[in-house]
Structure formats: C-alpha cells, structure tokens
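Please brief me on the second largest pocket of this predicted model, on the helix beside its lining, and on the nonpolar cores.

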Amino acid sequence: MDKRLWNKSVKALLSVGMAASLWVPSSQMTVQAAAPASDLFISEYVEGSSLNKALEIYNGTSASIELSPYSVALYANGSTSAQSEIALSGTVASGDTVVLYNSGADSAIQYEGDLQNNSVINFNGDDALVLEKDGTPIDSIGQVGTRIENAKDVTLVRNPDIRDGDNVVDDAFDPSAEWIVYPADTFEHLGNHTMDGYGETPVPAPAPSAYYETADGLQGTALKAELHEIIDDHRQLSYSQVWDALKITDEDPNDLNNVLLLYSGESRSKSLNGGNVGDWNREHTWAKSHGSFGTAMGAGTDIHHLRPTDVQVNGLRGNLDFDYGGAAVRGCDGCLRTATSWEPPDEVKGDVARMLFYMAVRYESDDAVDLELNDQVNNGSTPYHGKISTLLE
C-alpha cells in the first residue's frame, strides 16, 4: 500500500473512533461493592439437560487474583472422596468471572466459557462441588458425603448479598438460603455476576488511552505494527458460535427477538438464521475468498467483520470489492452493484470501511493469512480488498 494512503487511513480510522471495529475494552467505571469479598466464590451453577453443565466462579475482591492456587473438586454420588479435580490457571480480574464448562454443552454456554473440562464439569444434580485454595475448601455446592435432590435440573445464581463462600462442605445444602433458582437450561446470566445489589459489574479494563498507550507517537507502518500487537490476541469463536454471537452484537434494540441486517437495515427474527430465502446468514464483510481463509477460526470467524445479512442480498454481494456506482439491488434500498464492485447504503458505509481497516491491521504475516487493502476492485482470491480510496471517504 502507498505510505501516504496508509498514513491517511490510520488518521481517518483514529479520528472516527477505532472502537467501532478495533475492540476496545469497556471504559465504564467498575461498580464497587459496599464491601469486597474476601476471596473467590461460586457465583453460578448450571445443571441442565444432557451436557449443559457449567460452573461460574466470581472475583468480588478489589484486586486481580492469580488462579494457580485454586482448584475445583467433584464429589460424586455421596462420596467423601473426590472423584476428579481440576486445577485452575491464569488470572481473573476484580469484578470478573471464570466459567468452567463441558465441551458438549450448548453453544450459549460455550460462548461464555473460559475453561473446558469434561471430568469435574460432568456432575449430576445430586453431586457436590468444592472450590479449594491450596487444598483448603473455600466454597461448595451440594453436601459432601450425601446425595442431594435439590440441585437437579436447575440453574442457581448466587444472591447479590453473598460475599463469601460456604467452606463447610458437609453441611446441609438449601439453595433457597443463598441462591436464586432458575429453570433448567437458563444460560442468560452466565459470564457475569451481581454482588451487593449494584447490578452487573463490568469487567474492569484499562481506559482506551491506556489500551493504546504503546502506539502513542507512532506513524505509518510502525503505528500499524503496534496496533496489530495490541489487538492480535482477541478471543476466537468457532463458525457455529458465530450464529449466537451475532444475535447479541446485532440485536435490534427496539425488538430484542430480532437482529438488524447490515445492508438492508431490516429487523428480522433471530430464529430465521440459515441459508434459505427469507433467512439471514453470516456475511463476511472482508470476503472470505479474498485470501481464501474460508470459515477457519481466525479471519473466517472474526465477528469484528461478520454481520447478519439477508441471504439473497448476501449472495448478490458475493465477494465483490467496495466502490461507488452500479445498478440498484433488489431487497436492499441504497445498495448498488456492478460486475466488480458493491456500494452499501450511506448508513453503513462507515461501518464497512472500519471493519475492513480492522481486518488489514489484525491479520498480518504472523497470522494464517496476511490481509491488506489496495486501491483496486476485482481482487479475486488474492488477500487484498478494495477500494481503499473509496473506503477512506
């Protein structure tokens, strides 16, 4: 790419707000509890149909916690000895959660999951689970040494006034004492927790200025390289998980049962995802043939550029580059199409441009595919997308 074009593109990207496509951690202030928890505790328990099983652990303390001293043990069928145990690893920030899940669980659970495990997270509703620190119990669900009946086919969420775990593992377990009981296969609360009635606590994160701090003062290729280093470790989804992700990222705020389609702007039922006429599907804004990455995890499943679109409109766009002009597109007011280019409606031109700038920064030579923008159309299967001069406008 011409250096002048690249410098101009970076300035344009920063000026319109990189958060629109480059993921920026939330700058919300962390909601502090009236008094912090003394340690980690179990905040949610999912014992649903089939393998819909998960355990959420919450850090309600005022500091990040290194997880290596912690483990979770399963005491099955009333045994007084642990059947299996999993050691935790990594770090959990203040106000954040760690979700352990079974690999056979519903995609909505896996989407929120942090650590997959099929031995401990294969419990039944009459088993006991114990959270330990350096081998000492700090919280528990169920009753070690006794088979219980009141944790079957339910989702349990810890009451917001609870700030410490139950470290007496063989006492009677009464969910009504500390837990909110939801029906089986309730997953909507997983991945965050409310403590002390202050509402869902945002995951603490650096402000955008700190997030991009190492890019300050850089220009041109050096700036692009540093931005890549900052953003290149985002969480990757499977292509099937993208369906559920888009139902969240593109939800219609005026109808929570629907998603908003990228090009047409139509609000359509979340349940109509698929490949038939009248359905919506997963549009790769950076056409997946431009670099031949397909639907492989990485560029092929990156929801920073995947958006819901009408099946037929998606088919008409195909793998065309973006530019001005062409004939009107049926089913998409404001869309224009030529044999080599696609013009989206004015309302989403900036969105499309920012998504493509993101992809050109995120996927470099150290990735499976190196994506770049150029000032051409009809790029075919090369790892290039255009037209950069149009995108800058």
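The second largest pocket is lined by 13 residues, and those nearest its centre are Ala 108, Phe 187, Glu 188, Asp 244 and Ile 248. A pocket here is an open set of points on a 1 Å grid over the protein atoms alone, where a 1.4 Å probe fits, with protein on both sides within 12 Å along at least five of seven lines, and lining residues have an atom within 4 Å of a point. The model is predicted, so local features need pLDDT of at least 70 and side-chain atom pairs count only at pLDDT 80 or more, while totals for chains, interfaces and linings use all residues. Residues are numbered from 1 along each chain as its sequence is written, and side-chain values use heavy atoms, without hydrogens and water.

**Pocket**
- Its space is about 390 Å³, and its lining has 7 charged, 5 nonpolar and 1 polar residues.
- Helices H2 (107-112) and H6 (239-249) each give two or more residues to this lining.

**Helix H6**
- Buried residues (under 20% relative accessible area, 1.4 Å probe, protein chains only) in H6 include Tyr 239, Trp 243 and Leu 246.
- The cover over the buried residues of H6 includes H2 and strands S13 (251-252) and S14 (255-260).

**Nonpolar cores**
- The largest core, a set of buried Ala, Val, Leu, Ile, Met, Phe, Trp, Tyr and Cys residues joined through side-chain atoms within 4.5 Å, has 36 residues, with Tyr 263, Trp 286, Trp 342 and Leu 373 making the most contacts inside it.
- Helix H8 (346-362) is one of the elements giving two or more residues to this core, and H8 gives the most, with 10 residues.
- A second, separate core of 29 residues includes Tyr 45, Ile 65, Ile 138 and Leu 156.

Terms used:
Buried means under 20% relative accessible area, exposed over 50%, partly exposed in between (1.4 Å probe, protein chains only). Helices (H or I, at least four residues) and strands (E, at least two) are DSSP runs, numbered from the N terminus. Grid points are joined across faces, edges and corners, and a volume is the space filled by probe spheres set on the points. Ala, Val, Leu, Ile, Met, Phe, Trp, Tyr, Cys and Pro count as nonpolar, Asp, Glu, Lys and Arg as charged, and the others, Gly among them, as polar. Contact means heavy atoms within 4.5 Å.
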